[in-house]
Amino acid sequence: MASTVKSNKNTVKRGKIDITFFSFVLILLTIGLVMLFSASYAYSYEYYGNSYKFISRQAIFAVVGVALMLLVSRIDYHTLKKFAWVIFIVVLAMLAVLLILPPMLDGMDVKRWIAIGPISFQPSELAKFAIVLLFSSLISANFKQMRDFKFIFFLVVVLILTCGLIVLEPHLSATILVFMLGIVLLVVGGLPKRYIFGGLGAGIGGVGLLVITGAIGYASDRFKYWLDPWLDPTGEGFQTIQSLLAIGSGGILGRGIGQSRQKYLWVPEPHNDFIFSIVCEELGLIGAIVIIILFCLLVWRGFVIAMRSPDKFGALLSIGLTFQVGLQAMLNIWVVTNTIPNTGISLPFFSYGGTSLLILLAEMGVVLSVSRSANVEKT
């Protein structure tokens, strides 16, 4: 028998998960695992002597992640409201700790990972969820204050503080993602139009100022080699050039799964941020379009779940978490096709990374938890 809880004077009935959304997640995950193995086995064998190193680990995380997704889907999403501030403060503390830790990658002055034994993760991945959860909780609980400048200013300060810590890692792509998630939730939450344009202008101007002043000066080189990667074809422009060659050589139908040539140590680390270039080479334009459509369908279904949510908290959670997947996929594809500068952003469900996959699938479990609820007559 389905359980019931009280929420906003409505009786909320816990039913079955949205099978359509669940199916899109599994389809993308399955295709992602197949393409990860295809893209990674040459690199894995060359550097680790084991063609199955990446796929075997990712497959384990995928199985655990699906189980975690189903487990999270059975938890009433209203429970998360109680821990919104706790989760946010813990994530903020981890981001602050990163600033005093030594870089994990030799020769790179970036501080993005925290290692606990054999497991390493990026707190910025958790920051995306923390912002979505906190903003969904605060906006839904104070919906009538969304025209109050003080309340809006408080939310913006929280968002800027989070983005500021992430950009100091430096991690520009995660900063953009977190910033956009916050803005989208503010807009959906009822932000007056006069603040929308002002906020976007201030955000764009702030990023531009940081680049100009050199606060994130590493980004200036990215812009230069984005405009013309052939300025340094064997250095900074190498990855972009090889990615474009892979995409172009795929044609309409692709070379076929496993038949990529660029993955043989031409595209650097083809199993990570640039895996979509190998997808295009092996599956062609048609395969790439199908995958893009699947991402669009996932986001669409997440928005449908949001519209059917029994309360604002569930609606904002679903919109924020599914928009995150869609935005991240879009930015990754734009980077791989050199539409925007290389920002080092992964492709959801495809790029290698066990802990990030676990976090992603847990987030999808939250959306499925919202999908279990339905409005019943007011009591």
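Below, a reader and an author talk through some labels used for this predicted model.

Reader: Let's start broad. What makes up the secondary structure of the chain?
Author: The chain comes to 12 helices and five strands. It has 379 residues, and 50% of them count as buried.

Reader: How do you know that Gln58 is buried?
Author: Gln58 has 1% relative accessibility, and buried means under 20%, so Gln58 gets the label. Gln58 belongs to helix H2, residues 53-73.

Reader: What does Gln58 touch, leaving out residues up to four places away in sequence?
Author: Its partners are Leu33 and Leu36 plus Ser351, Tyr352, Gly353, Gly354 and Leu357. To be listed, a residue needs heavy atoms within 4.5 Å.

Reader: Why is Phe313 called buried?
Author: Same kind of check: the value for Phe313 is 2% relative accessibility and the cut-off is under 20%, so Phe313 counts as buried. You'll find Phe313 in helix H11, residues 312-336.

Reader: And which residues does Phe313 touch, not counting those up to four places away in sequence?
Author: Tyr77, His78, Leu80 and Lys81 are on the list, along with Leu133, Ser136, Ser137 and Ser140. Take Ser137: along the chain, Ser137 and Phe313 are 176 residues apart, yet 6.0 Å separates their C-alpha atoms.

Reader: What share of the contacts with a separation of 6 or more comes from residues 24 or more positions apart?
Author: Such residues account for 74% of those contacts.

Reader: Which residues have the most contacts inside the largest nonpolar core?
Author: Five phenylalanines: Phe135, Phe276, Phe295, Phe349 and Phe350, in a core of 90 residues. Phe295 is in contact with Phe349 and Phe350, and also with Leu28, Val325, Ala329, Leu347 and Pro348, if you set aside neighbours within four places in sequence. As background, nonpolar side chains in soluble globular proteins tend to be buried together.

Reader: How do you know that the span of helix H9 agrees with what is expected?
Author: H9 runs over residues 238-250, and at 1.5 Å a residue its 13 residues should span 18 Å. The end C-alpha atoms are 19 Å apart, so the two values agree.

Reader: Which residues of H9 are buried, and what comes after the helix?
Author: The buried ones are Thr240, Ile241, Gln242, Ser243, Ala246 and Gly250. Helix H10 (275-307) and H11 are among what covers them. After H9 comes Gly251, with a positive phi near 65 degrees.

Reader: What makes H12 a mostly covered helix?
Author: The count does: of the 18 residues of H12, 17 are buried. From first C-alpha to last, H12 reaches 26 Å, close to the expected 26 Å at 1.5 Å a residue.

Reader: On to empty space. How many cavities of 30 Å³ or more does the structure hold?
Author: One. The largest cavity has a volume of about 160 Å³, which is over the 30 Å³ threshold.

Reader: What lines the largest cavity?
Author: There are 18 lining residues, with Glu125, Gln328, Pro348, Ser356 and Leu360 nearest the centre. Helix H4 (123-141), H11 and helix H12 (354-371) each give two or more residues to the lining. H12 gives the most, five residues.

Reader: What is the nonpolar, polar and charged make-up of that lining?
Author: The lining of the largest cavity divides into eight nonpolar, seven polar and three charged residues. Glu125 counts as charged, while Pro348 and Leu360 fall on the nonpolar side.

Conventions
Residues are numbered from 1 along each chain as its sequence is written. This is a predicted model: local features need pLDDT of at least 70, side-chain atom pairs count only at pLDDT 80 or more; totals for chains, interfaces and linings use all residues. Side-chain values use heavy atoms; hydrogens and water are left out. A nonpolar core is a set of buried Ala, Val, Leu, Ile, Met, Phe, Trp, Tyr and Cys residues joined through side-chain atoms within 4.5 Å. Buried means under 20% relative accessible area, exposed over 50%, partly exposed in between (1.4 Å probe, protein chains only). Helices (H or I, at least four residues) and strands (E, at least two) are DSSP runs, numbered from the N terminus. On a 1 Å grid over the protein atoms alone, a cavity is a set of points where a 1.4 Å probe fits but cannot get out, and a pocket is an open set with protein on both sides within 12 Å along at least five of seven lines; lining residues have an atom within 4 Å of a point. Grid points are joined across faces, edges and corners, and a volume is the space filled by probe spheres set on the points. The expected span of a helix is 1.5 Å times one less than its number of residues.
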